There are 2 protein chains.
Amino acid sequence: MHGFSRRHTVEQALAWLDAQLHQLPAEEVPLREAAGRILATPVVSNVDVPGFDRATMDGYAVVADSTEGATSYNRVALKHVGDAMPGSPFHGTLAPGEAVRIMTGAPIPAGSNAVLPAEFVDACSGESSGSIAALATVSPGKNVGQRGEDIVHGTTLLDTGRVLRPQDLGVMSSIGIGHARVVRRPRVRLVITGNELLPAGSPPHGVHITDANGPMLEALAVRDGAVVDFPGLVRDDADAILTGMQADADVVIVSGGSSVGIEDLAPTLVASHGELAVHGVAMRPSSPTGMGRLGQRLVFLLPGNPVSALCAYDFFAGRAIRALGGRAKAWPYRSMRGTLTRKISSPIGRLDYARVRLSDGQVEPLSISGASLLSSTTRADGFVIIDQDSEGFPAGTDVDVWLYE
Amino acid sequence: MHGFSRRHTVEQALAWLDAQLHQLPAEEVPLREAAGRILATPVVSNVDVPGFDRATMDGYAVVADSTEGATSYNRVALKHVGDAMPGSPFHGTLAPGEAVRIMTGAPIPAGSNAVLPAEFVDACSGESSGSIAALATVSPGKNVGQRGEDIVHGTTLLDTGRVLRPQDLGVMSSIGIGHARVVRRPRVRLVITGNELLPAGSPPHGVHITDANGPMLEALAVRDGAVVDFPGLVRDDADAILTGMQADADVVIVSGGSSVGIEDLAPTLVASHGELAVHGVAMRPSSPTGMGRLGQRLVFLLPGNPVSALCAYDFFAGRAIRALGGRAKAWPYRSMRGTLTRKISSPIGRLDYARVRLSDGQVEPLSISGASLLSSTTRADGFVIIDQDSEGFPAGTDVDVWLYE
């Protein structure tokens, strides 16, 4: 057994990583699959919305001047000459003294320039007699939405990099866009190694433990926008691991065998078939993390311990997946300030990822004995980072907590 | 045309709605589909994790007493009797003076009680001679993770109602759970009505506008955990709308024709075939919103105007979908405090939903002329609610902004 040739700081490891990260090319997806995707080109309207002047209330389209002086005591008779519905306009031209019953959203008839709301009309007699009574005056333009009042032809509506919201899809649809041009999702291959592992769904027995990293890493990568390919567990065998890594993928995440022990095959494979740029990072957990390239693929070597795998994913692999997919590199976690109930110690020169509980602004570090226990990440509400230049925080310090939820 | 028989306050409408909301029954889904789903029963472990004492470092399993007094100046020879790997244990029993090379995660051999880390061992000669040299002392239990140190048999790990996180799937997998028992997703039928509408993907032309609500409402409902069934646009025809509403669904969302105009068929249909409990709400936009039941289905009648539809969805339909699916009723939006740059007015007796921009803590109301424009919800960063008891806020007031992202 030999040690890591040179342990990188987290900062150095991130600097290497960030230099590798370029947004993936665009692809077109149907609008109904575009929510949450990242816009790859600006959305510019080549139509006006609405494409015609329309009623913004139910009532009667009129020539505004025809209602002059109308009140409930001075009823002004108008001739009811037709109806206008959304999608079913009145085809004639309105003359002064005439009215067209109109519904919200319907095109304003030619000749008219205002809508008298239904509550200011006595239509009871009009239905049979062909005339109605205006009970109020409207001014020109009243209750009429002008062509282009929502969106004017040529307007840039959404910018590149936008995370598409539900209402964005509505706006895109309204200007006739049926497909969104978005950043392609990163394709991620999971290579979960370990002869001791049983696949998810198997009860652990004897010296065999059930894979926790596969389901966890798949869910993390999907959360960060990836399409995940996880064909199953891989034996601790150089050929099998190399084959697993040589997938049609943008990112390969290997879990297990990332250290410098006798069965830690993956780092050697990456070094001999590609570039092992980082191996060993000054952090806890996850110090046996590796990063490199294999052809066009970015490769992340994550420790088999699930907390280490989670932490290394959060620091490195997740960042890469988000950036390739056009998302913010930053953690997708909210942070909150809270006050430490107990001290957290951390040696200078090493970054620590400390799981904590947070309630009523009080931050309680979870006591972790030696090894990293996955259940600590489910009991925890989030984590606190102690930078490599810090010896930790005394009780009572206000710290940032990154929330898992 | 006639008015709303009685306009409900938002509070009254929510009171009726909340009385209808009961969580849906549970279903089992494969673990890899369970991220973000809501746990329907607690997760209790019926195994210990790990199921055996294991090494927490790479090194040599020993009887701790055998290393007493060892230093780099006082090398203590131990007999190298075998190897232990994860999944491939050493099958014998260790005697004092013996050592087994062991990797992190491997079962501790019978007879041994500590792991001497690799860096405190001179193994160079030992590889061939069958002996190694201990260069340090270890105490009993050192670098050994006890059976059950992560999870003890019988422990409740996750509670009902939990939104399953990636690491929760890891923990569930590690205790042998291959399927998660989660709250069934609400099934939502979209009934998008309007003779003026063209389906998404069609350019608007003439008096026809392209449907914005279908893509928007589908994305909103999926965001809130629903499975959406949107078979296509529905004509303003009583039979077609009724057939659309009589879907195999928990929730029916009708868009368009929700008011009291001549083509507003949906409220009458709900009233005659089921219960129209709410019709007309004292809010802007969305005042022509209706709610009721049709058999077991909750029915939401949303105005056709897209901003009104969004607002009514946010207040009512989304709340129902989240609650049926076991999620928090509250908005899935973060809120931030900010200072108004201009006043917002709102009449007493009506709740207002005002779109705003937020930058550097400054809250700028978007000036909305009359009708509600969907593009205002894409230009907006979020919205401010002005309660019905408020006349609004003067410039300089600190308000809560609910963020769309």
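In what follows, helices and strands are DSSP runs, with at least four residues for a helix (H or I) and at least two for a strand (E), numbered from the N terminus. With that in hand, take a look at the loop between strand 2 (43-44) and strand 3 (54-55) of chain B, which is where Pro50(B) sits. A cis peptide bond joins Val49(B) to this Pro50(B), with omega at about -5°. Keep in mind throughout that this is a predicted model.

**More backbone oddities**

There's another cis bond in chain B: the one from Arg284(B) to Pro285(B), where omega is near -5°. Pro285(B) belongs to the loop between strand 19 (283-284) and strand 20 (290-294) of chain B. Over in chain A, the loop between strand 19 (283-284) and strand 20 (290-294) holds Ser286(A). Ser286(A) isn't a glycine, yet its phi is positive, at about 85°.

**Two chains and how they relate**

How does chain A map onto chain B? Rotate chain A by 180°, with 0.0 Å of shift along the axis, and it superposes on chain B with an RMSD of 0.0 Å. That is the relation of a two-fold axis. Which residue of chain A comes closest to the rotation axis? That's Arg334(A), whose C-alpha is at 4.9 Å.

Chain A itself is split into four pieces: domain 1 (10-24 + 185-324), domain 2 (35-49 + 156-183), domain 3 (54-145) and domain 4 (335-403). Between the C-alpha centres of domain 1 and domain 2 of chain A there are 34 Å.

**Where the chains meet**

On the chain A side, 76 residues are in contact with 75 residues of chain B. Several elements of chain A give two or more residues to this side: strand 11 (156-158), helix 3 (166-174), strand 15 (209-210), helix 4 (213-223), helix 7 (306-324) and helix 8 (375-379). Sorted by class, the chain A side has 37 nonpolar, 27 polar and 12 charged residues. Do the copies use the same surface or different ones to meet? Since 99% of the interface residues of chain A are also interface residues in chain B, the copies meet through the same surface.

**Helix pairs**

Here's a quick overview of three helix pairs, one running between the chains and the others inside chain B.

| Helix pair | Axis distance | Angle |
|---|---|---|
| Helix 3 of chain A and helix 4 of chain B | 7 Å apart | about 165° |
| Helix 1 and helix 7 of chain B | within 11 Å | roughly 20° |
| Helix 5 and helix 6 of chain B | within 10 Å | roughly 60° |

Start with the pair that spans the two chains. Helix 3 of chain A and helix 4 of chain B pack at about 165°. Angles over 145 degrees count as roughly antiparallel, and so these helices are roughly antiparallel to each other. Their crossing is right-handed. From helix 3 of chain A come Pro166(A), Gln167(A), Leu169(A), Gly170(A) and Ser173(A), and they meet Asn213(B), Pro215(B), Met216(B), Ala219(B), Leu220(B) and Arg223(B) of helix 4 of chain B. This contact divides into 6 nonpolar, 4 polar and 1 charged residues.

Now for the pairs within chain B. The axes of helix 1 (residues 10-20) and helix 7 (residues 306-324) of chain B cross at roughly 20°. That makes helix 1 of chain B roughly parallel to helix 7 of chain B, and the crossing is right-handed. Helix 1 of chain B brings Val10(B), Ala13(B) and Leu17(B) to the contact, while helix 7 of chain B brings Phe315(B), Phe316(B), Arg319(B) and Ala320(B). Here the classes come out as 6 nonpolar, no polar and 1 charged residues.

For helix 5 (residues 238-245) and helix 6 (residues 265-273) of chain B, the axes cross at roughly 60°. That makes helix 5 of chain B oblique to helix 6 of chain B. This crossing, too, is right-handed. The helix 5 residues Ala238(B), Ile241(B), Leu242(B) and Met245(B) meet Leu265(B), Ala266(B), Leu269(B) and His273(B) of helix 6 of chain B. By class, there are 7 nonpolar, 1 polar and no charged residues in this contact.

Definitions and conventions:
Residues numbered from 1 in each chain as written. Chains lettered and ligands numbered in written order. Predicted model: local features only at pLDDT ≥ 70, side-chain atom pairs only at ≥ 80, totals over all residues. Axes fitted to C-alpha atoms, helices over the stretch in contact; angles between N-to-C directions. Parallel < 35°, antiparallel > 145°, perpendicular 65-115°, else oblique. Left-handed = near helix turned anticlockwise from the far one by under 90°. Contact = placed C-beta atoms within 7 Å. Nonpolar A, V, L, I, M, F, W, Y, C, P; charged D, E, K, R; others polar. Least-squares fit on C-alpha atoms with pLDDT ≥ 70 in both. Domains from an automatic or database assignment.
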